[in-house]
Amino acid sequence: MGLDQTSVVVITGASSGIGRALAIRFAAEKVGGIAISDINAAGLNETAKIVSDLGADVLTSVVDVSNPEEVQRFADETLRKFGRATHLINNAGVGLIGDFQQISVAVFESLMGINFWGTVYGVKSFLPILQKQSKAHIVNLSSVFGFIAPPEQTAYCASKFAVRGFTEALRHELEDSNTCVSTVHPGGI
């Protein structure tokens, strides 16, 4: 990912799991700054303490990634604190198991709001900042369920297939720019 002491890494969904692990890893790599967000303030503060104890300069922001205004606020806060962002990791996501007929449209929309629209809003808000850097990288987390579609995973698979398609198209659009684009497809975490 081309990390060094001038790198400023932005991570959504950093209160636990992959997001927390990434924040800790980047702190150990001694990047120039880490901006982390999550809707879970308590977990986010725990991650911030761990990262800060490792010597990283950290910004925390409580953000609902399904709300474009909150994501834009996070981008603005990151720019004010660090003056730049070089890496964006759209990691925030939720899971849901249930037969399609049992899942309400409202629950389906909520999951899509976080998993898919949160990724779109992250890219929309941070891309102008990333494009001002000499090199930048966007990483969107999909899932193995962005490739396969088992039963009782209609909402989750729809969101992760959407992230995969969005990211692949974005990669083509930005291939001659300063910004690399990647999708990650983890299995069960």
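Which backbone nitrogen lies 2.9 Å from a polar atom of the side chain of Thr12? It is that of Asn91. I shall start from this contact and work outward; please keep in mind that the model is predicted.

Thr12 belongs to strand β1, which covers residues 8-12. With a relative accessibility of 6%, Thr12 counts as buried. If we set aside neighbours within four places in sequence, Thr12 is in contact with Ser37, Val65, Phe74, Ile89, Asn90, Asn91 and Ala92.

Let us now consider strand β1 as a whole. Five of its five residues are buried. Val8, Val10 and Thr12 point one way from the strand, while Val9 and Ile11 point the other way.

Strand β1 is paired with two other strands. Five bridges join β1 to strand β2, residues 33-38, and the two run parallel. Three bridges join β1 to strand β4, residues 87-90, and this pair also runs parallel. Ile11 takes part in both pairings: Ile36 stands opposite Ile11 in β2, and Ile89 is the bridge partner of Ile11 in β4. As for the connection, β1, helix α1 (residues 17-28) and β2 form a β-α-β unit, and this unit is right-handed.

I turn next to the nonpolar cores. In soluble globular proteins, nonpolar side chains tend to be buried together. Here the largest nonpolar core holds 25 residues, and the members that touch the most others are Val10, Phe74, Leu88, Phe126, Leu130 and Ile138. Two or more residues are given to this core by each of β1, α3, α4 (105-130) and β5 (136-141). Helix α4 supplies the largest share, seven residues. Another core lies apart from this one; it has 17 residues, among them Ile11, Ile34, Leu44 and Ile89.

Val10 deserves a closer description. Not counting residues up to four places away in sequence, Val10 touches Ala35, Phe74, Thr78, Ala85, His87, Leu88, Ile89 and Phe126. Phe74 is also on the contact list of Thr12.

The last topic is charge pairing. Side chains of opposite charge can pair when their charged atoms come close. In this model the count comes to six salt bridges, and I shall describe three of the pairs.

Asp57 forms a salt bridge with Lys81, with the closest N and O atoms 3.1 Å apart. What does this pair tie together? Asp57 lies in the loop between α2 (41-53) and β3 (58-62), and Lys81 lies in helix α3 (residues 68-82), so the bridge links parts that are 24 residues apart in sequence. Asp57 is partly exposed, with a relative accessible area of 38%, and Lys81 is partly exposed as well, at 40%.

The second pair is Arg73 and Glu77, whose side chains meet in a salt bridge at 3.0 Å, N to O. These two residues are separated by about one helical turn because they stand four residues apart in helix α3. Is Glu77 buried or partly exposed? Glu77 is buried, since its relative accessible area of 17% falls under the 20% limit. Arg73, at 31%, counts as partly exposed.

The third pair joins Arg164 to Glu168, with 3.3 Å between the closest N and O atoms. Both residues lie in helix α5 (residues 154-173), four residues apart, or about one turn of the helix. Arg164 is partly exposed at a relative accessible area of 21%, and Glu168 is partly exposed at 32%.

Technical notes: Residues are numbered from 1 along each chain as its sequence is written. This is a predicted model: local features need pLDDT of at least 70, side-chain atom pairs count only at pLDDT 80 or more; totals for chains, interfaces and linings use all residues. Side-chain values use heavy atoms; hydrogens and water are left out. Buried means under 20% relative accessible area, exposed over 50%, partly exposed in between (1.4 Å probe, protein chains only). A polar contact is a pair of N or O atoms within 3.5 Å; within protein, one must be able to donate a hydrogen and the other to accept it, and residues adjacent in sequence count only if both atoms are side-chain atoms. Contact means heavy atoms within 4.5 Å. A salt bridge is a side-chain nitrogen of Lys or Arg within 4 Å of a carboxyl oxygen of Asp or Glu. A nonpolar core is a set of buried Ala, Val, Leu, Ile, Met, Phe, Trp, Tyr and Cys residues joined through side-chain atoms within 4.5 Å. Two strands pair if DSSP finds at least two bridges between them. A crossover is right-handed if, with the strands pointing away from the viewer, the path from the first strand over the helix to the second runs clockwise.
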